[in-house]
Amino acid sequence: MTTFHVTQEGPVNALALNKDFSQVAICGRNVFKVYTIEEDKFREVCNVRASKHLNVGFSCNDVSWSPTDDHYLATAATNGHVSVWNLTKMGKAMQEQDYQDHKRTVNKVNFHASEPNKLISGSQDGTMRYFDIRVKSAVAVFYSNTESVRDVQFSPHSPYAFSAVSDNGSVQLWDIRKPEKYQQQYTAHSGPVFACDWHPEVTWLATASRDRTIKVWDLTNKPTLEYTIHTIASIGHVKWRPQRKYHIASCALVIDCSINVWDVRRPYIPFAAFNEHRDIASGVQWRGDPDIFLSSGRDSTLYHHSFNNASRPAAKANPQGLAVNNNGEIIFARKIPPFQTSASSTSSMTTPTSLAKATVGLMRKISMTQAIDQFHHASSMLQHFSHVNEMANYESESILALSKNYVLSGRSISEMCEHNSVVAREFGKPHLSVVWKIIKTMYGEEFLQNSIHAGSSNREEVAHNNINMSNISSAVIQIESTINSHRETETDQNSKAASDTQAAQFSGGDDETENEDQVDNVGTYTGFPTYLNVRSGLPKGDFSFGENELDMELDSLNADFHNVYRSYNHADGSDWILPNEAFPIRHEIQDRSPPPEQFPNHHHSPDLHEDTQPIYQVEETSSTLISVSKIPKKSSWDPSSLVVETLKHHAILGDIQTAACVLIVLGDCRKFLKELDEATEEHWLLGYIEMLTSYKLWNNATQIIKLAWLPSVYQLNQQSTRINTNCGKCLKPLQRVGWLCDRCHSSKYALCSICNQVVKGLYVWCQGCSHGGHIAHMKQWVSTKKMCPTGCGHLCEYG
């Protein structure tokens, strides 16, 4: 058999096969057809929608074919109608019955397995109705006392029993002879149950729910959960595979368009998967053969599937696993080949040739005695490695200490960085302390005011001037170091006066007030002119420092300084005045040096950037003082790339805590980290939250979620945040308040065992005897006593 399909005019909601599996009926909002199944195609034999005389303008939710009579079909509609169709008739007579007993949408309709005239339906109105198609109305009504009945199925093991599943997660077992009350009821799932199916061989009932599980219940006596299958989406339909006791097929309601066939003994990986549908599958029916089944879907298709075309997800699963805990322990699991066990029982001297022969023989035996689609439990080996590492314990303690003491909000960036730096240093992390110091320097309020959020262009110009001054200063710093190394300390008052006189003469005299600001900015005189004073004697006009010209100027100035120094050493101690001739720098630099990029090797001017041509405007203010009135601006240094690189470095080393905490502290400054994408930020935050959770730091993890700026992270605290406790008397969930039951109106089980008052706040109880009360009362009690305060005799523990 091959896989083939046929496309319809609209989505198909359900399908049903006749008793000999030769025909299939499909229904939907605009579809109601009957096909004959041929070798490689579907052949249409009846289109009920084509008749103009039939009132079939409503949508069909389900269809059922009588298992005893090929002539009868039943459909369930969204307007509450249950219709019975006779395929031997034509026109309006084809609709033999149109029951309107239900008040809301009918979800399911099902013929009795042995009684050709008996039919049952389940509806959104919470009732099930039992019909005899020879009678114009329902012969029995079953009230489920639930909001909605999603599925009803007659049991193949008893002619009088049927099951019903509801929106409240419960399963009810009924006897059609006793419509006044169900025989059994139990809660099967934590969410609405959408489908159920009886096993054809044993007394098993499979249920499928929105909680993404398929559960198999043994109903021989008391309902017992035998197997649970975990899926990736809510399950809407299930159907047992014939002649395969442990196999069941399922269809999802959302997300997953595949039809999966599960082995209930392997609950996480499908045994086989069929991926032909492009939208959600709406039904599955086996064609009496374990290798052939039909399916319908919301993609307006009807498929005929063969197991030969199935994919095997289990064959692609990785049989090996590795896990590491916080203490450095490792758990490693690997699959053991079947031949390894037999080979290990032989002599240790077994040769590779004999082992290969044994392997081939065993494989051949397996292939001949077992079917290819039979489930095999994989033999595996679990290995545990533990290593007592003091360093690992130290790291764990450091992570705990830093998590509890870091400040991540409520203060300025500078304050938080300073505090976290101190914390890191106190707990033995000096390198992290330096990181916080650097972050403070780069993104503190001072940085924001001077570099990013400057209020005026003048402030930016001053910052640029300071940068350029320091660059040129480094080019002539050698002159100052040479002079200072030979200068002797003058401690008497006369030397100090001589120094003041020289400084006044060098600066142009006391009358020189025009350029006081420039003199203050370029340096302070301390006995000899510093390199900033020397720079003020540069010639008038625009010029550029070339590769050789700067060296010539520096050599000339250096020689002049040494001459002055020698004259000063040979003085007789009288007041000494620096002559103007000591600075013969009145010559002009006529030739303009080419731009720096024309000189690839700047050995003598390392502080001049290749992308900047420093052109200076200078003017003469006196015979010895030249003031620099304009200094070219240079682009501010952007530290964002360095910060991103640092954070990534810490993340690679496993220090996800530092990366996440720095991002949170930066706050609005994160916008400057343009090289860091949101996916990486999300990865760091979720990793840190997972780390805090592993250390049971729930409050710290919640704080990180609250401070997160990414929707995928800060929405975590909006998921699964409510846990309802149950009333101790009637077991109803306490939804409105946690101490008063809405059903029995009892607050008995919310009383404190010590003060006998209702606990309306936090309640703590013993996991052994369930008695408890106010946290303060229970803590005080167990500090001195071990027995339960109610006198039940249980040794309670508080922790």
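In which loop is Gln243 found? Gln243 sits between strand E22 (235-240) and strand E23; helices (H or I, at least four residues) and strands (E, at least two) are DSSP runs, numbered from the N terminus. The model is predicted: local features need pLDDT of at least 70, side-chain atom pairs count only at pLDDT 80 or more, and totals for chains, interfaces and linings use all residues. Residues are numbered from 1 along each chain as its sequence is written, and side-chain values use heavy atoms, with hydrogens and water left out.

Gln243 has a positive phi, near 65 degrees, and is a residue other than glycine. Its relative accessible area is 53%, so Gln243 is exposed. Buried means under 20% relative accessible area, exposed over 50%, and partly exposed in between (1.4 Å probe, protein chains only). Strand E23 (247-252) leads into another loop, which holds Val254 and runs to strand E24 (259-263). Val254 counts as partly exposed because its relative accessibility is 42%. Val254 also belongs to a nonpolar surface patch with Ile232, Leu253 and Ile255. Together the four have about 390 Å² of accessible area. Such areas come from the Shrake-Rupley method with a 1.4 Å probe; for residues, only the protein chains shown count as cover. Patches are made of residues with over 30% relative accessible area and no salt bridge; like charges are joined within 9 Å, nonpolar side chains (Val, Leu, Ile, Met, Phe, Trp, Tyr) within 5 Å.

Strand E1 (residues 4-7) shows alternation. Phe4 and Val6 point to one face and are buried. His5 and Thr7 point to the other and are not. In a regular strand, side chains alternate between the two faces of the sheet. E1 pairs with strand E28 (residues 301-306) in the antiparallel sense, over four bridges. Pairing requires that DSSP find at least two bridges between two strands. Within E28, His304 is the bridge partner of Phe4. Thr301 also lies in E28. At 7% relative accessible area, Thr301 is buried. Its side chain makes a polar contact of 3.2 Å with that of His277. A polar contact is a pair of N or O atoms within 3.5 Å; within protein, one must be able to donate a hydrogen and the other to accept it, and residues adjacent in sequence count only if both atoms are side-chain atoms.

Helix H15 (678-694) is joined to helix H16 (698-707) by a loop that contains Lys696. H15 has 17 residues and reaches 24 Å from first to last C-alpha, close to the 24 Å expected at 1.5 Å a residue. The expected span is 1.5 Å times one less than the number of residues. At the start of H15, a side-chain oxygen of Asp677 comes to within 3.2 Å of the backbone nitrogen of Ala679. Buried residues of H15 include Trp684, Leu685, Tyr688 and Leu692. After H15 comes Lys696, with a positive phi near 65 degrees. Lys696 is exposed, because its relative accessibility is 61%.

The model has 14 salt bridges, each a side-chain nitrogen of Lys or Arg within 4 Å of a carboxyl oxygen of Asp or Glu. In one, Asp263 and Arg265 bring their closest N and O atoms to 2.9 Å. Asp263 is buried at 1%, whereas Arg265 is partly exposed at 26%. Another joins Lys440 and Glu418 at 3.1 Å, N to O. This pair links distant parts of the chain, helix H5 (residues 430-443) and helix H4 (residues 413-426), 22 residues apart. Shared partners join Glu9, Lys33 and Glu44 into one salt-bridge network.
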